[in-house]
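Biologist: I'd like a close look at one part of this model, the sheet towards the end of the chain. Take me through how the strands are put together, and then work outwards to whatever sits around them.

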Amino acid sequence: MDNAKILIVDDDRNICELLRLYLEKDGFSTIVANNGAQAIEFVKKYSPDLILLDIMMPELDGWQVCRMLRKEYDTPIIMLTAKGEVFDKILGLELGADDYISKPFDTKEVIARIKAVLRRTATSNDDRKEVRFDKLVINLTNYELIVDGKQIDTPPKELELIYHLANNPNRVYTRDQLLDEVWGFDYYGDSRTVDVHVKRLREKLENVSSNWALRTVWGVGYKFEVK
């Protein structure tokens, strides 16, 4: 939670600046978006730890942004709005928001809510074996691979291999390390087994996103590269 990255989304630049100042004073790092389209772009680009999302914005409003993000990301979202009706709160939570704060708000309350949501989501994520990147979800609890919003049929060992690599981004593994750590010490097969599994994974993952890639490190092995 230390130095967590918060994306502030509001078309009111004064509110953005106020939140930015108080959050950074409390040790958070911040990114500011002034409309819904920019918010979605920044989530993909910067992978924030939490999103403060205003509802009443031109073009894409907060409801639409929340709905679109929840198709690919489980980043915690706290809705910010001048509206206080019970209906709005229920709708926000049904769309996948984690909390809801009405304007005008006390900045101390916002910070306390952010810390509470981050603690709660960190605890729940510890129980779930899942990693997420741009257009990619690897869930080892349910053995699901979701690529660009679509579930892809994947044999268990392929899924375990990509999960192991993606869960340790930019770390290079030799074939023997992968055999030991993914297949287990009792596996005595050919190390080319790893190459075959990587080849099949590449067919499913190549050119999906420019933010990550399954790379060969010549003469060494493989890594899941994140830019």
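Modeller: One thing to settle before we start: two strands count as paired if DSSP finds at least two bridges between them. Also keep in mind that this is a predicted model.

With that in hand, the part you want is an open sheet of three strands, in the order β10-β12-β11, with antiparallel pairing. β10, at 173-174, and β11 are the edge strands; each has a single partner strand, so one side of each is left without a neighbour in the sheet.

Let's take the β10 side first. β10 and β12 run antiparallel and are joined by two bridges, which is just what the cut-off of at least two asks for. Tyrosine 173 has tyrosine 222 in β12 as its bridge partner.

On the other side, β11 covers residues 212-217 and β12 covers residues 221-226, and their antiparallel pairing runs over six bridges. Here tryptophan 212 stands opposite valine 226 in β12. The two strands make a hairpin with three residues between them. Look at glycine 219 in that turn: its phi is positive, about 85 degrees. For context, most residues other than glycine have a negative phi.

Now for what packs around the sheet. Helix α6, residues 156-166, lies across β10, β11 and β12 and runs at about 60 degrees to β12. Helix α8, residues 192-205, also packs on the sheet, where it touches β11 and β12. The direction of α8 makes about 150 degrees with that of β11.

What lines the second largest pocket? Part of the answer is tryptophan again: Trp212 is in the lining, along with Arg202, Leu205, Glu206, Asn207, Val208, Ser209, Ala213, Leu214, Arg215 and Thr216. The elements giving two or more residues to that lining are α8 and β11, and β11 gives the most, with five residues. In volume the pocket comes to about 200 Å³. By class, its lining divides into five nonpolar, three polar and three charged residues. So if you want to follow β11 from one end of the story to the other, it is an edge strand of the sheet, an arm of the hairpin and a contributor to this pocket's lining.

Back to α6, since that helix takes us to a second sheet. This one is open too, with four strands in the order β6-β7-β8-β9 and antiparallel pairing. Its edge strands are β6 (130-133) and β9 (150-152), each pairing on one side only. From one strand to the next, the twist averages 20 degrees. α6 packs on this sheet by touching β6, β7 and β8 (144-147), and its direction makes about 110 degrees with that of β7. Recall that α6 also lies across β10, β11 and β12.

Within this second sheet, β6 pairs with β7 (residues 136-139) in the antiparallel sense, over four bridges. One of the partnerships to find on screen is glutamate 130 with asparagine 139 in β7.

Finally, the enclosed space. The structure holds one cavity of 30 Å³ or more, and the largest cavity has about 40 Å³ of space in it. Leu136 and Val137 are in its lining, together with Lys71, Glu72, Lys135, Ile146, Asp148 and Gly149. That makes three nonpolar, one polar and four charged lining residues. Aspartate 148 deserves a second look: it lies in the loop between β8 and β9, and its phi is near 55 degrees, a positive value in a residue other than glycine.

Methods: Residues numbered from 1 in each chain as written. Predicted model: local features only at pLDDT ≥ 70, side-chain atom pairs only at ≥ 80, totals over all residues. Heavy atoms only, no water. 1 Å grid on protein atoms, 1.4 Å probe; cavity = no way out; pocket = protein on both sides within 12 Å on 5 of 7 lines; lining within 4 Å. Points joined across faces, edges and corners; volume = space filled by probe spheres on them. Nonpolar A, V, L, I, M, F, W, Y, C, P; charged D, E, K, R; others polar. Contact = heavy atoms within 4.5 Å. Axes fitted to C-alpha atoms, helices over the stretch in contact; angles between N-to-C directions.
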